[in-house]
Amino acid sequence: ERVETCRNLGAEVILAENVHAAFEEVQRIEEEEGRIFVHPFEGEKTALGTATLGLELCQQIDGLEAVLVPIGGGGLCAGVSASVKQWNPSCKVYGIEPVGADSMHKSFEAGSPQSIDTVNTIADSLGAPLAMPYSYSLCKKYVDQLVKITDDQMRQAMRYLFKNHKLACEPACAASTAAFLGPLSKELKNKKTALILCGSNIDLTSFHDLIQN
């Protein structure tokens with residue numbers, strides 16, 4: 001459905017075998033056709049854009065104690081964490097990654113941006129194959145803790161969000177809720193917490209199939 005929507009809006013869609021091949025194809029097109037690649041998660045301007053979300057959170061919610069941000073490539077978390085920690089240093093920022101797409105975990109452990117061989121998660125929007133220097137450096141500086149969540153925890157969170165809040169979310173959108181209900185439930189109990197829900201790219205059939213598993 002995402003592909004069809006893009007085509008309906010006039011986009012030329014080129015499909016690749018996997019996310020690694022997709023980035024290689026983008027580089028080829030950029031070089032051969034003289035295009036400008038707007039990176040999905042890397043770079044100063046990307047981080048400045050996502051930082052506005054963290055700024056608005058802090059301006060609208062007094063005494064915020066924790067923020068949970070999904071991580072794919074890290075661009076969203078980089079900007080949000082940088083703005084939140086500079087506005088309110090006592091607020092803890094948690095970066096949430098799927099078990100099957102944990103490039104930021106591996107990067108934190110290694111002390112430099114790392115890639116992963118394969119992406120294996122239902123949260124395809126969080127399936128970045130690597131971390132990159134700029135977003136990694138901001139996450140490393142400002143994120144207090146990284147947390148992994150499983151596909152089953154995301155399915156549970158999707159069901160929770162639909163039942164209790166009438167939100168039909170894709171798995172990536174449910175990642176922060178999965179961490180809040182799961183591994184961080186005790187740590188964040190009774191704390192003023194903001195969850196970033198990012199991603200609504202899911203069709204009815206896929207949503208039904210995922211929450212039934």
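Where does D102 lie, and between which elements? In this predicted model, D102 is found in the loop that joins β2, covering 92–98, to α5, covering 103–110. With a relative accessible area of 8%, D102 is buried, because a residue counts as buried when that value is under 20%. Leaving aside residues up to four places away in sequence, D102 touches E97, I116 and K148.

From this single residue the account can turn to the open spaces of the model. Rolling a probe the size of a water molecule over the atoms shows where empty space is left. The largest pocket has a volume of about 1600 Å³, and its lining is made up of 44 residues, among which R2, V19, P40, D124 and S125 lie nearest the centre of the pocket. Several helices take part in this lining, since at least two residues each are supplied by α1 (2–8), α2 (19–33), α3 (44–60) and α4 (75–87); the greatest contribution is that of α2, which gives six residues. In character, the lining of the largest pocket divides into 27 nonpolar, twelve polar and five charged residues.

The second largest pocket holds about 250 Å³ of space, and the residues that line this pocket are E12, I14, V26, I29, E30, E33, R35, I36 and F37. Here the lining consists of five nonpolar and four charged residues, with no polar ones, whereas the lining of the largest pocket includes twelve polar residues.

Conventions
Residues are numbered from 1 along each chain as its sequence is written. This is a predicted model: local features need pLDDT of at least 70, side-chain atom pairs count only at pLDDT 80 or more; totals for chains, interfaces and linings use all residues. Side-chain values use heavy atoms; hydrogens and water are left out. Helices (H or I, at least four residues) and strands (E, at least two) are DSSP runs, numbered from the N terminus. Buried means under 20% relative accessible area, exposed over 50%, partly exposed in between (1.4 Å probe, protein chains only). Contact means heavy atoms within 4.5 Å. On a 1 Å grid over the protein atoms alone, a cavity is a set of points where a 1.4 Å probe fits but cannot get out, and a pocket is an open set with protein on both sides within 12 Å along at least five of seven lines; lining residues have an atom within 4 Å of a point. Grid points are joined across faces, edges and corners, and a volume is the space filled by probe spheres set on the points. Ala, Val, Leu, Ile, Met, Phe, Trp, Tyr, Cys and Pro count as nonpolar, Asp, Glu, Lys and Arg as charged, and the others, Gly among them, as polar.
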